[in-house]
Amino acid sequence: MTNRPPAAVQRPDGSAGPPRLAAAARHAGLAVTLFPAGALAVCSTLTGHREAARRRWLRAGPLPLGAPAPGALRLVLHGALTILLGVLALLLAAALALAVARGLLYGFVDRAPHDTSWGGPSLAGAWLAHFAVSLPCVALALVILTGLTRLNRHTTAPLRGERRPAWALPTAAVSCVLGLLLVVAFVRQLP
């Protein structure tokens with residue numbers, strides 16, 4: 001037996017390091033930037049900077065040799081779809097912030113009497129109950145934000161000269177419709 005430190009854990013995608021939490025946080029950060037990236041891609045395309053829109057704002061990277069550059073209409077449509085997915089990501093990021101504020105940081109944001117709170121009447125019980133409820137909500141929001149980032153990557157595959165999966169556009173459309181229904185339902189329940 002040797003006293004060597006263990007080798008870095010290799011995941012199937014070939015990367016090493018802390019497993020999934022860092023990647024989820026990175027994807028969540030990318031998802032939050034989808035809205036401004038899509039808006040800047042549309043603006044760049046409309047002002048004649050198509051390559052900047054494709055490579056920088058839509059994160060397409062270099063095209064394979066001999067592949068034709070996408071036209072302005074395709075870039076505008078991809079930018080518009082990125083905007084829609086970005087709005088959905090911002091809604092989820094707001095829900096994530098609310099779950100963190102009202103769950104993980106409950107004792108700092110709610111100073112009211114805790115007689116009718118979940119886990120009340122003590123602050124410790126209320127904080128523990130809200131913390132326990134917020135953990136799965138935070139995990140679900142990170143998973144969905146990661147999914148939105150990957151969905152955007154799949155929908156913009158033709159901009160990189162790759163083949164787009166057949167499920168990518170219908171999934172993006174259904175996601176945007178579900179996001180719209182969520183907003184309508186939320187607005188209707190407000191007083």
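This report describes the helices of the structure, two of their packing arrangements, and a few individual residues.

The model is a predicted one, and it describes a protein in which there are 7 helices and 0 strands. Read from the N terminus on, the elements accordingly run α-α-α-α-α-α-α. Of the 191 residues in the protein, 30% are buried. Among the contacts between residues at least 6 apart in sequence, 57% join residues that are at least 24 apart.

**Helix packing**

Two helix pairs can be described in some detail, beginning with helix α1, which covers residues 21–32, and helix α2, which covers residues 34–46. Their axes lie 4 Å apart, and the two helices pack at an angle of about 45°. Because angles from 35 to 65 degrees fall outside the parallel and perpendicular ranges, α1 is oblique to α2. In this pair, L30, A31 and V32 of α1 meet L34, F35 and P36 of α2.

The other pair consists of helix α4 (residues 72–104) and helix α7 (residues 168–189), whose axes come within 10 Å and cross at roughly 45°. That angle makes α4 oblique to α7, and the crossing in which α4 passes α7 is left-handed. On the side of α4 the contact is made by L81, L84, L85, L88 and L91, while α7 contributes L169, A172, S175, C176, G179 and V183.

**The surroundings of T149**

T149 has its place in helix α6, which spans residues 123–155. Is this residue buried or exposed? With a relative accessible area of 12%, T149 is buried, because the value is under the 20% cut-off. Leaving aside residues up to four places away in sequence, T149 touches H27, L30 and A31. Its side chain also has polar partners in the backbone, as the following table shows.

| Side chain | Backbone partner | Distance |
|---|---|---|
| T149 | oxygen of H27 | 2.7 Å |
| T149 (polar atom) | nitrogen of A31 | 3.4 Å |

A31 therefore appears in two settings, since it is touched by T149 and also belongs to the part of α1 that meets α2.

**Cysteines**

A disulfide is a covalent bond between the sulfur atoms of two cysteines. How many disulfides does a search of the whole structure find? The search finds 0 disulfides. Among the cysteines, C43 is partly exposed, with a relative accessible area of 46%, and C137, at 42% relative accessibility, also counts as partly exposed. Both descriptions follow because partly exposed covers values between the 20% and 50% cut-offs. A further cysteine, C176, is one of the α7 residues that make the contact with α4.

Technical notes:
Residues are numbered from 1 along each chain as its sequence is written. This is a predicted model: local features need pLDDT of at least 70, side-chain atom pairs count only at pLDDT 80 or more; totals for chains, interfaces and linings use all residues. Side-chain values use heavy atoms; hydrogens and water are left out. Buried means under 20% relative accessible area, exposed over 50%, partly exposed in between (1.4 Å probe, protein chains only). A polar contact is a pair of N or O atoms within 3.5 Å; within protein, one must be able to donate a hydrogen and the other to accept it, and residues adjacent in sequence count only if both atoms are side-chain atoms. Contact means heavy atoms within 4.5 Å. A disulfide is a pair of cysteine sulfur atoms within 2.5 Å. Axes are lines fitted to C-alpha atoms, for helices over the stretch in contact, and angles run from 0 to 180 degrees between N-to-C directions. Angles under 35 degrees count as roughly parallel, over 145 as roughly antiparallel, 65 to 115 as roughly perpendicular and the rest as oblique. A crossing is left-handed if the near helix is turned anticlockwise from the far one by less than a right angle, and right-handed if clockwise.
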